[in-house]
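Here are a few exercises to work through with the coordinates open beside you. Try each task before reading its solution.

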Amino acid sequence: MTIYRERRERLLSALREKEIDGFVTLNFESSDAANIYYLSGFHGSTAALIIAEEESFFTDSRYIEQVQNEVVGIPLHQVKGKYLDDVADTVNKTKINRLGISSNCTSYSLIETLRKKLPAIELVPLKEEVEQLRRCKDKEEIARIRNAIRLTESSLEKIVAKIAPGMTEAEIALELEFIMRKAGAEKVAFDLIVAAGENSALPHYRTGNRKIERGDLLLLDIGVRTGGYCSDLTRVFAVGKVTAQGQEIYDIVLTANRTGLAAAAAGKSGKEIDQKARDVIAAAGYKDHFGHGLGHGLGIEVHEQPRLSLLSTDILEEGMVVTVEPGIYLPGFGGVRIEDVVLIHGDGCEVLTSFPKEELQVL
Ligand code: ZN
Ligand code: ZN
């Protein structure tokens, strides 16, 4: 049995407990790309999938050959007209009574149209059914995440050796992406963040044209996608020299990062791990300078479940892969974030990232 079939069976048995006997995934222009990939192995922008006792996969001429290679063991329908017509025709011919559909990834208008075409079938919007399954990673997924991290770290090492005052943030980001792609990354997992000086105080800064200067903090938040899986890593460097303020916040964030890593284990809540790391920052007097959550799940997408934050209701389980990324951001001066990725075990976690962080390295 393929891992994809195993996942579809797990989904179906979870749905049967809710008396739902089918599930349809509509992926148009990548609207549900991560879930359809997880459930079938399909890696393209447009296709639909019915999971029920009788399964069906729908795609059009652009993807037929690709699907024949990627999707194993699901009858394939080539769509020549409208996707929803073919999907509805097929559903109407099956014994499905209640059909689940992702309310997160399907537009309201698609759901409305499908409802009209399936008058005798109850369409049940489900918020995060597949996302729930994706939380715990299997061996193959973990191997792919490790691989993405390895590629990211070796690329970071290469760019760090090249960075010099006078380069712009954008030049560094472009050069780094080139190194990553050359090393085999499918693509960057998100727009690489290279933030110098005061820009590093913006947690989701858009890399711009500022030149890096002596005395700056330089923050790099970077990741790749390879084998369908993402990495996510943040490190901060000092340009030319270390300032007292830069060193101070670096040391606090490093302690918060280590505290978060030490607290991460199966059975712990996302909220309590966040709180432990946050307490370190608050005790040092920077409570108001750490606004975002401590971390997030990582996998096919760069931000997945579970969440480590004060609002999180998630409990960690063995096999989850999450980031731990506390930060301190001082407007007008700069910021420090130290982000690692961990694999959750029963009695703790394994830190998958290994790029050095012990010292605020001077470039
Ligand atoms: Zn990141
Ligand atoms: Zn992150």
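**Exercise 1.** In which loop is the place of N199?

Solution. N199 sits in the loop between β8 (193-196) and β9, where strands are DSSP E runs of at least two residues and helices are H or I runs of at least four, numbered from the N terminus. Before going further, note that this is a predicted model, in which local features need pLDDT of at least 70 and side-chain atom pairs count only at pLDDT 80 or more, while totals for chains, interfaces and linings use all residues. Residues are numbered from 1 along each chain as its sequence is written, chains are lettered from A and ligands numbered from 1 in the order in which they are written, and side-chain values use heavy atoms, with hydrogens and water left out.

Next, consider accessibility. N199 has 12% relative accessibility and therefore counts as buried (under 20% relative accessible area; exposed is over 50%, partly exposed in between, with a 1.4 Å probe and protein chains only). Then look at its surroundings: leaving aside residues up to four places away in sequence, N199 touches E169, Y205 and R210 (contact means heavy atoms within 4.5 Å). Finally, the C-alpha atoms of N199 and G332 are separated by 7.9 Å, although these residues are 133 apart along the chain.

**Exercise 2.** Work out which residues coordinate the zinc ion (ligand 1), and classify its site.

Solution. Start with the donors (N, O and S atoms within 2.8 Å of the metal, or 3.2 Å for Na, K and Ca; water is not among the atoms, so sites may look incomplete). The zinc ion (ligand 1) is coordinated by two OD entries of D221, by D232 (OD) and by E339 (OE), at 2.0 to 2.6 Å.

Now take the angles. They run from 54 to 146° among the four donor atoms, and the site is irregular. For reference, four donors count as tetrahedral if all angles lie between 85 and 135 degrees; four count as square planar and six as octahedral if opposite donors are over 155 degrees apart and all others between 65 and 115; anything else is irregular.

In sequence, the donor residues of this ion are spaced D-x10-D-x106-E. One pair among them joins distant parts of the chain: D221 in strand β9 (residues 217-222) and D232 in the loop between β11 and β12, eleven residues apart. Both D221 and D232 are buried.

**Exercise 3.** Repeat the analysis for the zinc ion (ligand 2), and find what links it to the zinc ion (ligand 1).

Solution. The donors here are D232 (OD), H296 (NE2), E325 (OE) and E339 (OE), at 2.1 to 2.2 Å. Angles of 77 to 151° among the four donor atoms make this site of the zinc ion (ligand 2) irregular. The link is D232, which coordinates both ions, and these are 3.1 Å apart. D232 and H296 also connect distant parts of the chain, with H296 in strand β13 (residues 295-297), 64 residues away from D232. H296 is buried.

**Exercise 4.** Describe the fold as a whole: what are its elements and its domains?

Solution. Count the elements: ten helices and 19 strands. The radius of gyration is 23 Å, close to the 21 Å that the globule rule gives for 363 residues, so the chain is as compact as a globular protein of that length (taken over C-alpha atoms; the rule is 2.2 Å times the number of residues to the power 0.38). Then divide the chain into domain 1 (3-133) and domain 2 (139-351), with bounds from an automatic or database domain assignment. The contact between them takes eight residues from domain 1 and ten residues from domain 2.
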